[in-house]
Amino acid sequence: MMRPAAPSDLGAIMALERASFPTDAWSETMMREELASTHAHYVVMEEAGRVVGYGGVRAARGLPDADIQTLALDPQVRGRGQGRALLRALVGHARDSGAKKVFLEVRADNSVAHSLYVSEGFGELGRRPRYYQPDGVDAIVMALDLRTWAPQGEAAPTPAEGGRGPREGASG
Ligand SMILES: CC(C)(COP(=O)(O)OP(=O)(O)OC[C@H]1O[C@@H](n2cnc3c(N)ncnc32)[C@H](O)[C@@H]1OP(=O)(O)O)[C@@H](O)C(=O)NCCC(=O)NCCS
C-alpha cells in the first residue's frame, strides 16, 4: 500500500536511506526538512504495517519542471515492481501538479535505477562529473517529457490533451 509520508515516518525512512545509500545518505535534518517542505511530495510504501519504501518529488504548482528527489526500497522487497510503482506515483504527482518535464540525477554506477528510468521513458541529458562524494562517481542527469509519458494502463496523451506549441517560460 502506498500513502503520503507523515512526519512520524522519519525514523523508518532514515533506516531505509542509510541502508540504501551507505556512503552518501542524507542527514536526518535534511530529510525532516524535505518531508515538511510544501513544495515536496513524499510517499511511503507499506507492507504488513511496515514502511518498506519511500520516494519524493518536488513539483511546485504552475512551474513546468519537477524533480524526483529520491527513491528507495528495503532490499528485501526489491525486484518485484514496487520501485516502478513508486516512481510512477511520483511522476503522476508531478503531472497532476501541472509539470511538463520531470528531471532526476542517478549515479553512473547504479545500473538498476538507470534501467528503471530508461524503461519508464527518461532520457539522458548529460553528466555532472564526480558529483557524488566521497565516492567521486558521476551523476547522470535524466529527463522525462510528461506530454508523451503514458504509464501502463493509460493511453498516451493525444496532441490535443498533451499540449502543443512552445513551452511557456524559458527554464531550460
Ligand atoms: C532502484 C530501485 C528503487 C528499483 O526498485 P525495484 O523494486 O528493485 O525495481 P522494479 O522491480 O520495480 O524493476 C524496475 C526496473 O528496474 C530494473 N531492475 C530491477 N532490478 C534489477 C536488477 N536486479 N538488475 C538490473 N535491472 C533491474 C529493470 O529495468 C526493471 O524493469 P523490468 O522489471 O521491466 O525488467 C531499488 O532497486 C532500490 O531501492 N535501490 C537502492 C536505492 C536506489 O538506488 N535508488 C535510486 C536512486 S537514483
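The following dialogue examines the strand and helix assignments of a predicted model.

Guide: In this predicted model, local features need pLDDT of at least 70 and side-chain atom pairs count only at pLDDT 80 or more, while totals for chains, interfaces and linings use all residues. Residues are numbered from 1 along each chain as its sequence is written.

Visitor: What makes E3 and E4 paired strands?

Guide: Strands are DSSP runs of E with at least two residues, helices are runs of H or I with at least four, and both are numbered from the N terminus. Two strands pair if DSSP finds at least two bridges between them. Six bridges join E3 (residues 50–58) to E4 (residues 65–73), so the pairing criterion is met. The two strands run antiparallel, and Arg58 has Asp67 in E4 as its bridge partner. E3 and E4 form a hairpin with six residues between them, where Gly62 in the turn has a positive phi of about 95 degrees.

Visitor: How many bridges join E4 to E5, and how do these strands run?

Guide: Three bridges join E4 to E5 (residues 101–107), and the strands run parallel. Asp65 stands opposite Lys101, and Ala66 has Val102 as its bridge partner.

Visitor: Why is the unit of E4, H3 and E5 called right-handed?

Guide: A crossover is right-handed if, with the strands pointing away from the viewer, the path from the first strand over the helix to the second runs clockwise. E4, helix H3 (residues 82–96) and E5 make a β-α-β unit that is right-handed, so the path from E4 over H3 to E5 runs clockwise in that view.

Visitor: Why do E1 and E6 stand at the edges of the sheet?

Guide: The open sheet has seven strands in the order E1-E2-E3-E4-E5-E7-E6, with mixed pairing. E1 (2–4) and E6 (123–132) each have a single partner strand, so one side of each is left without a neighbour in the sheet. Neighbouring strands are turned by 25 degrees against each other on average, direction ignored. Axes are lines fitted to C-alpha atoms, for helices over the stretch in contact, and angles run from 0 to 180 degrees between N-to-C directions.

Visitor: What does helix H1 touch on the sheet?

Guide: Helix H1 (residues 10–20) packs on the sheet, touching E3 and E4, and its direction makes about 85 degrees with that of E3. Residues are in contact if their C-beta atoms, placed from the backbone, lie within 7 Å.

Visitor: How do E5 and E7 run, and which residue stands opposite Val106?

Guide: E5 and E7 run antiparallel, joined by seven bridges. Val106 stands opposite Ile140 in E7.

Terms used. Two residues are in contact if their C-beta atoms, placed from the backbone, lie within 7 Å.
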